[in-house]
Structure formats: C-alpha cells, structure tokens
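Subject: A structure to look through

Hello,

Here is the structure I promised to pass on to you. Have a look at it first, and then read on for what was found in it.

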Amino acid sequence: GQYRIRLNERKMPIPKRVGIVGYGHLGQFLEAAISKREDLEVAFIWNRSPGALSHLDQRLVCHDLTDFASFSPDLVVEVAHPDVSKQYGALFLKEADYLVGSPTALADAELEASLRTVAQSGTRGLYLPAGALWGSMDLRKMADLGTLQGLKITMKKHPSSFKLKSPLKELNDGVSGSAVTLYDGPVRGLCPLAPNNVNTMAAAAVAAHNLGFDGVNGCLISDPALTDRHIVLVEAEGKGGFRVCTERVNPAAVGAVTGNATYNSFLSSVVAAGAMGPGVHLC
C-alpha cells in the first residue's frame, strides 16, 4: 500500500505592527529590538525632528501623526512627550491599541477621564508600562479590593538625571554636596514639574486607582552620591497594619534619565500590550 506522510509545518505568528512615536534613546532602542523579533515589526516611526530619521527606510517614516492610520499599526507606542497623548491619544485609540510611555500626561484629570472613556467604550485598549514600578499588579489588586490605604513612591537620582521645570529646576541646580528633597506631596502636583522623570509615579497612581493622582504621594530626592544608579522606593499600606516596602536599584550612568533595566522592561510592555482588550491596563 501507499503511505501518505504529512509534514507538520511551523506556522509563524503574524507579527504585531508597532508604530513608534518618538526617536530618542528609548525609541531607537525599540526600533532596534523590534527588528530582531519575529512577533513584532515596525509599522512607522515619527519624530518631532524629522532629520533624525533620515537614515531610515523612508517608507516607515510618518511625517504627520494625523496620517498614522495609513500605516496600519496594531499598537502605537508613545516615547516622545506627554503632549502627544493630549493631542493624539484619543485619535490613536480609535484605530489601534495605545501604549502611553509618558503616563505623567494622565495627571491632567480631564485628559485621563477622556482617554478612559474612549478606551472603555471602544474596541482598543489604553496601556501603561509598569516601568520601574515594582509590584504594580499587587497594588492594582489591592486597589480593586479597596484594601490599599496608602502609597508613597520615592525616587532618588543624581542631579544631572533630572529634567525639571521651575521651581524644582532652580532647587535642583543648587544641589552640590548632600542629598536634597525636591518635592514631597501628591503625585498630581509633581507630574507637570517633572514630566520626564516621574512616569513610575504616574503608573503607580493609575495602578492604585482608589487613591489616584491626589492620594498617591511622590517624593523626589536629588542625590549627588548616586553616580551609577537610580533608586525607587515603594511603600504601600493596607488594612489591619499591613505594610510592604520595596527598593529597586536600577543601574544608570550619570545624566541618564532612564535606567538601564527600564529599557527591557518597556520592551516587555510592548510585547504584552494589546492582549487585554478594551479598557485601561498596566503591562
């Protein structure tokens, strides 16, 4: 008799098409990392300064973000500036999942409410990277149950690693010998003053949604001794005297806004984003 042999062919997954908005250090890292993966591909790249994209395949360059949908992205990733979410966030969510790399934008209560509405009523999801926030899922679970009663995020960095607005800029410029506390108070008030540095705190405010941007406390410390690392302390309090404190030490060069470990953490968020459906999600 004749025997028919069926060979099992490996079916390759259809890669997720990722639009990258911003081509600074993190945007460049993502473009290089995505090009090495089979489950992701670059749909487009946009940058505020188009000249930085001159070396790329020009078919991937998006010159006008209002035209982003023509590149058919499955996911749009913002790694540029909080203002991008204000201007284009709702537009992105109508066509693709949206990963907000600058969640400090959501300290604007009106913007947070509008993006939540679009994400919850449409077919696409709004995603926020956990970044340097250790224990984000645990905080989210406690918030869901209403057992999270207090949360404080303390970030310590070298003075040169901060990009601040007045009056924190002037205070940080005067730091020389010992560490100085630049801010200690509600995260909502800090985000507009340090939009590039406190995305971890903004992510915490979203995770701890029963406390929010007004109930989560942020402390920013400028320390000249931290020449090779950033430090993030997370202090959570719950019912019945429950308390947990974690310290995350992230290697970072002097002047680096983003620590080394955060790059791979962000890539993991890009891989995970899009799998949870409509709504607001941490990943």
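A good place to start is a pair of residues in neighbouring strands: methionine 155 has valine 232 as its bridge partner in S9. Please keep in mind throughout that this is a predicted model.

Methionine 155 brings us to strand S6, which covers residues 148–157. How many bridges join S6 to strand S9? There are eight, and the two strands run antiparallel. S6 also pairs with strand S8 (residues 217–222), this time through six bridges and in a parallel direction. If you would like one pair to find on the screen, take lysine 152, whose bridge partner in S8 is asparagine 217. S6 is mostly covered, with seven of its 10 residues buried.

Next, the domains. The domain assignment divides the protein chain into domain 1 (16–128 + 263–282) and domain 2 (136–252). Notice that domain 1 is written as two stretches of the chain. The C-alpha centres of domain 1 and domain 2 are 24 Å apart, and the contact between them takes 15 residues from domain 1 and 13 residues from domain 2.

The UniProt record adds an annotation of its own. In an unreviewed entry, it lists residues 22–129 as "domain: Aspartate/homoserine dehydrogenase NAD-binding". In the model, that span is 34% helix and 18% strand, and its end C-alpha atoms lie 16 Å apart.

Now for the inside of the protein. In soluble globular proteins, nonpolar side chains tend to be buried together. Here the largest nonpolar core has 59 residues. Phe44, Phe92, Leu126, Leu151, Ile153, Phe213 and Leu220 are the ones with the most contacts inside this core. Which helix gives the largest share of the core? That is helix H7 (residues 199–207), with seven residues. The core also draws at least three residues from each of domain 1 and domain 2. Another core, of 24 residues, lies apart from it, and includes Val79, Leu99, Tyr263 and Val270.

Two parts of this picture deserve a second look. One is H7 itself, where nine of its nine residues are buried. Among them are Asn199, Thr200, Met201 and Val206, together with alanines such as Ala202 and Ala207. The other is leucine 126. Leaving aside residues up to four places away in sequence, leucine 126 touches Leu93, Tyr98, Val100, Leu115, Ala119, Gly279, Val280 and His281.

Let us turn to charged side chains. The count comes to 12 salt bridges, and three of them are worth finding yourself:

- Aspartate 57 and arginine 59 meet in a salt bridge of 2.8 Å, N to O. Aspartate 57 is partly exposed, at 34% relative accessibility, whereas arginine 59 counts as exposed because its relative accessible area is 69%, and exposed means over 50%.
- Aspartate 83 and lysine 86 meet in a salt bridge of 4.0 Å, N to O. Both lie in helix H2 (residues 82–95), three residues apart, which is about one turn of the helix. Aspartate 83 is partly exposed, with a relative accessible area of 42%, and lysine 86 is partly exposed too, at 47%.
- Arginine 229 forms a salt bridge with aspartate 228, and their closest N and O atoms are 2.7 Å apart. Arginine 229 is partly exposed at 29% relative accessible area, and aspartate 228 is partly exposed at 44%.

Finally, there are two spots to check in the backbone. Most residues other than glycine have a negative phi, and most peptide bonds are trans. Where is the cis peptide bond? It runs from serine 166 to proline 167, with omega near 10 degrees. Proline 167 sits in the loop between strand S6 and helix H5 (168–173). The other spot is serine 72, whose phi is positive, near 55 degrees. Serine 72 belongs to the loop between strand S2 (40–46) and strand S3 (75–78), and is partly exposed, with a relative accessible area of 46%.

Happy exploring, and do write back with any questions.

Best wishes

Notes. Residues are numbered from 1 along each chain as its sequence is written. This is a predicted model: local features need pLDDT of at least 70, side-chain atom pairs count only at pLDDT 80 or more; totals for chains, interfaces and linings use all residues. Side-chain values use heavy atoms; hydrogens and water are left out. UniProt positions are given in the numbering used here, feature names are shortened, and annotations may be inferred rather than shown by experiment. Helices (H or I, at least four residues) and strands (E, at least two) are DSSP runs, numbered from the N terminus. A nonpolar core is a set of buried Ala, Val, Leu, Ile, Met, Phe, Trp, Tyr and Cys residues joined through side-chain atoms within 4.5 Å. Buried means under 20% relative accessible area, exposed over 50%, partly exposed in between (1.4 Å probe, protein chains only). Domain bounds come from an automatic or database domain assignment. Contact means heavy atoms within 4.5 Å. Two strands pair if DSSP finds at least two bridges between them.
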